Amino acid sequence: MEIVGNQVILRTMNDQDKDLLLALSQDLAGTKVTGAYTVPRSPMRPLRVFYSLQNSDSHLPCIIADKKNPQTGWGIIILSHMDFDRKTAEIYIKLITSSRGKGYAQDAINTLVVYAFQELGLKHLYANIQEHNIISQKLCENCGFKRECLQQSRSDSYGNHRNIYVYGITNGG
């Protein structure tokens, strides 16, 4: 599968992406912002998780790749918790450090939103973003997402309690 954007291609994972997934899982600065686990239990865990998502009816994991060189991966983007009865899904994105700030994340989100609405028939996508993650909040807003609500005091992987903003976008508005 390939979903083509302006700068990126969203594609399925292949064996060449193992280093990318490992680098993403070991990005300590990124995990502090996203609240993900700081260190995988084993180096293969992120690979197993990502592979397992590829066989799920409720998840659409994609590698964010260079449109000119699709074998070069820059990060991951996932539609998760897809509920086709309610026509909703959560969106998650993470880029390697060297690919941030170049417009790839915005293009990847916009590309996946169009695909989710037009091809999958979803009506509402949402993202859970920690309140201190201003960059991701601005990214969502630049992609047309609106802040919907605040969920208070979720515990992150460091044991800190963080407020989570839920951002959403609805098909047609």
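# Notebook: looking through a predicted model

I began at lysine 87, which I found in the loop between β4 and β5. The model is predicted, and I keep that in mind for every entry. Lysine 87 has a positive phi of about 60°, although this residue is not a glycine. I noted this because most residues other than glycine have a negative phi. The relative accessible area of lysine 87 is 34%, so I put it down as partly exposed. The cut-offs behind that word are 20% and 50%, with partly exposed in between.

**Entry: the whole chain**

I then stepped back to the protein as a whole. I counted 5 helices and 8 strands in its secondary structure. Read from the N terminus on, the elements run β-β-α-α-α-β-β-β-α-β-α-β-β. The protein has 173 residues, and buried ones make up 44% of them. I looked up the exposed surface as well: it comes to about 9200 Å², with carbon and sulfur atoms supplying 50% of it. Among contacts with a separation of 6 or more, 58% are between residues 24 or more positions apart.

**Entry: strand β4 and its neighbours**

Is β4 mostly covered or mostly open? I found that 9 of its 11 residues are buried, so it is mostly covered by the under 20% cut-off.

Next I looked at what β4 pairs with. Strand β3, residues 60-66, is joined to β4 by 6 bridges, and the two run antiparallel. I picked out one of these pairings: cysteine 62 has isoleucine 77 in β4 as its bridge partner. A hairpin of 6 residues connects β3 to β4.

Strand β5, residues 88-95, also runs antiparallel to β4, with 7 bridges between them. Here I noted isoleucine 76, which stands opposite lysine 94 in β5. β4 and β5 form a hairpin too, with 4 residues between them, and lysine 87 from my opening entry is in that turn.

I checked one more residue of β4. Histidine 81 is found in this strand, and it has a positive phi of about 50° although it is not a glycine. Its relative accessible area is 46%, so histidine 81 counts as partly exposed.

**Entry: lysine 68**

Lysine 68 lies in the loop between β3 and β4. Is this residue buried or exposed, and why? I read a relative accessibility of 82%, and lysine 68 therefore counts as exposed. I also looked up its distance to isoleucine 9: the two are 59 residues apart in sequence, and their C-alpha atoms are 8.8 Å apart in space.

**Entry: aromatic rings**

How many aromatic pairs does a search of the whole structure find? I got 1 aromatic pair. Tryptophan 74 and tyrosine 104 form it, and the pair is stacked, at 3.6 Å centre to centre with 10° between the planes. The pair links distant parts of the chain: tryptophan 74 is in strand β4, tyrosine 104 is in helix α4 (residues 104-118), and they are 30 residues apart. I checked burial for the two of them, and both tryptophan 74 and tyrosine 104 are buried.

**Entry: glutamine 137 and arginine 147**

I found glutamine 137 in helix α5, which covers residues 134-142. Its relative accessibility is 5%, so I recorded glutamine 137 as buried. Leaving out residues up to four places away in sequence, I listed what glutamine 137 touches: Ile129, Gln130, Glu131, His132, Arg147, Tyr165 and Tyr167. With arginine 147 there is a polar contact of 2.9 Å between the side chains. Arginine 147 has a further partner, since its charged end sits over the ring of tyrosine 165, 3.7 Å from the ring centre.

**Entry: strand β8 and the segment after it**

I turned to β8, which is mostly covered, with 7 of its 10 residues buried. Strand β6, residues 124-130, is joined to β8 by 7 bridges, and these strands run antiparallel. One residue on my contact list for glutamine 137 was Gln130. The bridge partner of glutamine 130 in β8 is isoleucine 164.

My last stop was glycine 172, in the segment after β8. At 83% relative accessibility, glycine 172 counts as exposed. I looked up its distance to phenylalanine 117: they are 55 residues apart in sequence and 9.2 Å apart in space, taken C-alpha to C-alpha.

Definitions and conventions: Residues numbered from 1 in each chain as written. Predicted model: local features only at pLDDT ≥ 70, side-chain atom pairs only at ≥ 80, totals over all residues. Heavy atoms only, no water. Phe/Tyr/Trp six-rings, centres within 6.5 Å; stacked < 30°, edge-to-face > 60°. Buried < 20%, exposed > 50% of the residue type's maximum accessible area, 1.4 Å probe, protein only. Lys NZ or Arg CZ within 6 Å of the ring centre and 35° of its normal. Polar contact = N/O pair within 3.5 Å; in protein donor to acceptor, adjacent residues only side chain to side chain. Contact = heavy atoms within 4.5 Å. Pairing = 2+ DSSP bridges. Areas by Shrake-Rupley, 256 points an atom, 1.4 Å probe, with all protein chains shown as cover.
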